[in-house]
Amino acid sequence: MSSNLRWSRVVGIIVLVALVLAACGPTPAAPTEAPPTKEAAPPTEAPPTEVPPEEKVTITWATIAGFYTDWAEEVAKEFEAKTGYDVDIIDIDFSQLYEKQVIEMVGGTGAYDLVTYDVGWKAEFANSGYLIPLDDYIAASDPNEIQFDDLDPALVEATSRWKGNVWGLAYYTFTMGYFYRCDLFEDPGEMAAFEAKYGYPLDVPQTYEQLADIAEFFRREPGETLKGETVAEDFYGIGLMAGRFPHVQDEFMSIAWTKGEKLIKDDGTPGTTEPGFLEAAHLYVDELLPYAPPGALTSAYDEVVGQMRQGLIAQTAAFYLDQWPNMVKTEDEVPGAEICAATSPGAHTWVGALGIGLSADSKHPDEAWEFLRWITGPEAQRKFAEGGGSTIRRSILEDEEFLEGRRLAAGHFPPLVEVLDHAAECNFYPNYYYVPQGGKIYDEETTWFSSAASGEYSVEEAMQKLAEAITQHCGGPCEIPNDHLGADYSPVPCPYTFDKSVQMRKEAAAPPEEAPPAEEVTVTWATIAGFYTDWAKAVAEQYEEETGVNVDIVEIDFSQMYEKQVIEMVGDTGAYDIVCYDVGWKAEWANSGYILALDDYIAASDPEEIQFDDLHPALIETATRWKGKVWGLPYYTFTMGYFYRCDLFEDPGEMAAFEAKYGYPLGYPQTYEQLADIAEFFRREPGDTLKGETIDEDFYGIGLMAGRFPHVQDEFMAIEWTHGNQLILDDGTPGTTEPGFLEWANFYVDELLPYAPPGALTSAYDEVVGQMRQGLIAQTATFYLDQWPNMVKTEDEVPGSEICAGPAPGAHTWVGALTMAINADSKHPDEAWDFLKWMAGPEAQRKFAEGGGSTCRISILTDEEFLEGRRLAAGHFPPLMEVLDHAAECNFYPNYYYVPQGGKIYDEETTWFSSATSGEYSVEEAMQKLADAITQHCGGPCEVPNDNLGADYHPSPCPYTYDPSIQMRK
C-alpha cells in the first residue's frame, strides 16, 4: 500500500481533530500543577449519601511488545508495591506502535499516560504537542535519584532532546552493531581460503565492501564444505531484514551514513537520489541480498536471529545489539558455534533508544512521571541489564564488576559503548533525527527501501519515490531544528577501526562434575498475543499444578504469527511444541509436514474427556480437517458476524428519516446493499443531528479494517462469498478477475469506504473497536464476533448507547478458529497432546467462556443456564451459533480452506486488497496482481483437495434471513 496515500487520509483526520480540539485540547502539565476540580453538580441533583472511595491511580503505558515489556512488568510490580499505584502496560507490536499511539493522542482520549517513541518520531511527537517537556520535572527531582548525567550522552541527544527541551527518557537502547560466527571467521581453512580469494585477511569487516566479500565467500551449497565438513543444506553469507517492516531502513541507512550520505540534506531536501546514496542502496541490493536466505524479503530482526540460531548464516549486516541475549543462544543450538558482537563497519549506524514520553493528555501526569523516572533510573536499569537488557546508563555499561561472568547477558556491552562513544565524539547525529515529520518519513522508508529490495521498483525508482514522499510530508524542504549542534553543523562520518580486544569471548566449558538432575518437561506453545492468551495463562497454571508439566506460552502478534512459526518449523528447531494456525494455513502446514496428524491421539483418548463431537462441526471442517485427517483442535473461534448501535437503529426519528429516504425500514441489514445504505445514512458532519441532538464532531456510518493487516481480506471475502464468488475457482484458477468478484470488490471501495473514518486505511480490528467505543461509528462491516466483550464496553463509554450483534448480511463469512497443533519437531509431543487436549476440553473451555471467550463447544454456546446473566461475556453466542449452523447446514466451505499454499496466499490478499482500498492500484489492477500471485504460489492451477465434501461439491451460498429476536438485549 502506498503510504503516501495512506497518510494523506490520516493527515486529514489529524487536521480535523486538531481543529476541533484546539480550544479545549490538553495542555502540558507542570510537575506541581494540581488536577482540575470537577464541576459542581446541577442544583436539582440529589447529593450523594456517602463520599465515594478515592479512586486508585492507574498509570497506563503503551510500549513495544516482547522481552523488554516482560521485564518491565516485573519491575512495575516493585514500583506498585512501593507507591500504591497500578501500572497497566499495553503491549503493542512495533509495526503498529506508531499508528496506534498517534490515533489516541490525536483524539485526546487520554488512553495512555506514557507513550513509547522511536528516535525518528521524537521531533514529530514533540512538535505536534503530543508530549509534555520534562525539563521542569527533571529540575525538581533529586539529582542522586534521577542521575540524569549517567544517561549516555549520545542517547540523550538522539532520543531526548529537541529544540532545547527534553521530551522523554530512554529506557533501552537498540543501537546497532554487528554479529558474526567467530568460529567460522577464525577457522584456519576458511581464513586461508578467504585470503587466497580476496587478497586480505578474513576478519571483522571494517567497510561494507569487506562485508559484501564475506557474504559472498560464506555462501555454500549442499555438497560444499564449511569448516572442513560437508554441508547438507544451503548456508548463506549474511542475514538481512529486507522485509516490509520498520527495520530494512536501518540496514540501508547504516550503509548510507557510513559513506557520508544523508536521508535529508542540510538544506532540508531529500538526499536519496544523490549518486552516493544510490551507490549505497545498490550495494545492499546487488552485493548483499544475493547471499542472504530467500526468506530475507519477508524477514525482520526475529527472522535473522532465527537464521543464526538455525546455523543458516555467517553474519548479519548492521543489526540491533540488544538482540545479543537471543543471538548468543546459537552456541547452545549449533554445535561448535561461537557468536561475537562488534560495531558495524565504520560504526556510523542507527544510534538511539526507545524513549518514554509523558502524553499531553495524560490523566495522571505527576504519577506517570514518577514511574517514568523509576523505570529509567539506576535501580530498575540494573535489574534490566542483569536479565540481558541493553541499558542506557554508563555506570552499568562500563562496570567491570557487573560485566564479570555475565557474557550471556551483557556480551554486547563493550561494542555498544564503542558505537555510542564514536557517535558522541564525532558529534554524528543525522538531520533526520530532528525533522518534525520523522514518523511519517520512517514509514515511507519502510515502503520504498523494501520495494527496492524486492525488485518491485528499481533502486533509482524507489529512491525517487522516497524523495517525493519526503518532500510531500515536509511540504517542501524539511525543517531541521538542530541549532544547538552549532550553526556550521553537518553530520560527516569520522574514521573508525574496531578493536576486537574489547570483546567478551566464549570460555571453554568445564566438564560437569556430576550428572545433571532429570530435566523437568516444559511444553512451549506459540500463540496469538492478547486477551485470549491472558486467559490461557491462568488456565495453564491450573494445568501445571495438576500435571507437574511446565507450560511456556510464547505470545506473538498476529501480524507476525505465520512467519515466526514457519521459520522455526522449517528449521526443525523444536522451539515450539504446540503451534497455532489460522484456517487458511491448515492445508499448507499439514501438506508441508510441519504438524502431526492427531487421529491416533484422538482415538486413544477417553471420549468423555475429549468430547470431540461437542466441537462445532463447522469448525471441525474448516479448522481441523484436511485429506481425511484431523490436524489440530480449535481453542477459540473468531468467526465473523456484525455489530451495530441498536440504540441508533431503533431511534424513532432516525427510523422515520431512513425509511423516508430509502423506502424500507431501518433495521438489521439482511443484504450488503442495505449495509451500504445504512453506512451512507449515518454519516454526519458537525452541526448535523444524531438521535435528535446536534453533534460537534464527525460521525461515520461504518467502521472498516482497510489497513494493510491480515483483516482487510476477511471483510472483502465475506462480501464475495455471500454473492457466490470465490477466491479460487473449482478448477484451481484464481477467481479474483471474474466480473462478479470485481463488482463486489468495487462495492467495498466505492459504497462502504467513503463512509468510514479516514483512519480506516490504517485500521485493524482494535481500531474499529476503538471507533465504536469512542462513539464515532454506527456499525461495522463483517467483524469478529469474539470481540463482543470489547465492543459492549461502548455502553459504559458512550451515554445512551446499546450494542447489538448479529450475523453478517447473508451469514456467509469467515468461519474458523485459531487452532492448536503439535509441531512435527516437538521435543515433547505426548505432553503437548495432553495440554492441547486440556485447552480444547470442556473444563478449560468453560472457564474461557466465563471470561468472555468465544468457545468452540456447542454445549457451552447453547447452554441457556450458562447464558443467563452473562450478556457482557456471552452476548454474541446466539448470532455465533447462527453463523456456524448456517455454514454446516449449507455445507459452505470455500475452496481456499483446502489449498496447500493458503498461508502465502493469505499474505498476498493483505497486500492487494489493501492496495485497492488505498487507491495505490485500481480494484481491477489489484485483483489482477492477486490472481498473478495466487498462480505463482501454486505454480499454475491450485490443488484443492476437498474430496471429503463429495465429488460434486461446489461452495454456493444458501439463502439466509436473520431474526434479531434471538439477541441478548441490554
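This report describes the surroundings of R407 and a selection of salt bridges in a predicted model.

## The environment of R407

R407 belongs to helix α20, which covers residues 407-410. Its relative accessible area is 12%; R407 is therefore classed as buried, since that class applies to values under 20%.

Two polar interactions of the R407 side chain stand on record here. One is a polar contact of 2.7 Å with the side chain of E331. The other runs from the R407 side chain to the backbone oxygen of M504, at 3.0 Å. When neighbours within four places in sequence are set aside, the residues in contact with R407 are W324, V328, E331, E338, I339, M504, R505 and K506.

## The R505–E338 salt bridge

Two of the residues that touch R407, namely E338 and R505, are themselves paired: their side chains form a salt bridge with an N to O distance of 2.8 Å. This pair connects distant parts of the chain, as its members are 167 residues apart. R505 is located in the loop between α23 (459-474) and β13 (522-528), while E338 is located in the loop between α15 (330-333) and β11 (339-342).

The two partners fall into separate accessibility classes. E338 is buried, at 11% relative accessibility, whereas R505 is partly exposed, at 31%.

## The D183–K227 salt bridge

In total, the structure contains 42 salt bridges. Among them is the bridge between the side chains of D183 and K227, with an N to O distance of 2.9 Å. This pair also links distant parts of the chain, with the two positions 44 residues apart in numbering. D183 lies in helix α8 (residues 182-185), and K227 lies in the loop between β8 (225-226) and β9 (229-230).

D183 has a relative accessible area of 12% and is buried. K227, with a value of 30%, is partly exposed.

## The E78–K82 salt bridge and its network

Within helix α2 (residues 67-83), E78 and K82 are placed four residues apart, about one turn of the helix. Their side chains meet in a salt bridge of 3.9 Å, N to O; the pair qualifies because the cut-off for a salt bridge is within 4 Å. K82 is exposed, at 52% relative accessibility, and E78 is partly exposed, with a relative accessible area of 24%.

This pair is part of a wider arrangement: salt bridges with shared partners join E78, K82, E379 and K383 into one network. In general, side chains of opposite charge can pair when their charged atoms come close.

How values were computed:
Residues numbered from 1 in each chain as written. Predicted model: local features only at pLDDT ≥ 70, side-chain atom pairs only at ≥ 80, totals over all residues. Heavy atoms only, no water. Buried < 20%, exposed > 50% of the residue type's maximum accessible area, 1.4 Å probe, protein only. Polar contact = N/O pair within 3.5 Å; in protein donor to acceptor, adjacent residues only side chain to side chain. Contact = heavy atoms within 4.5 Å.
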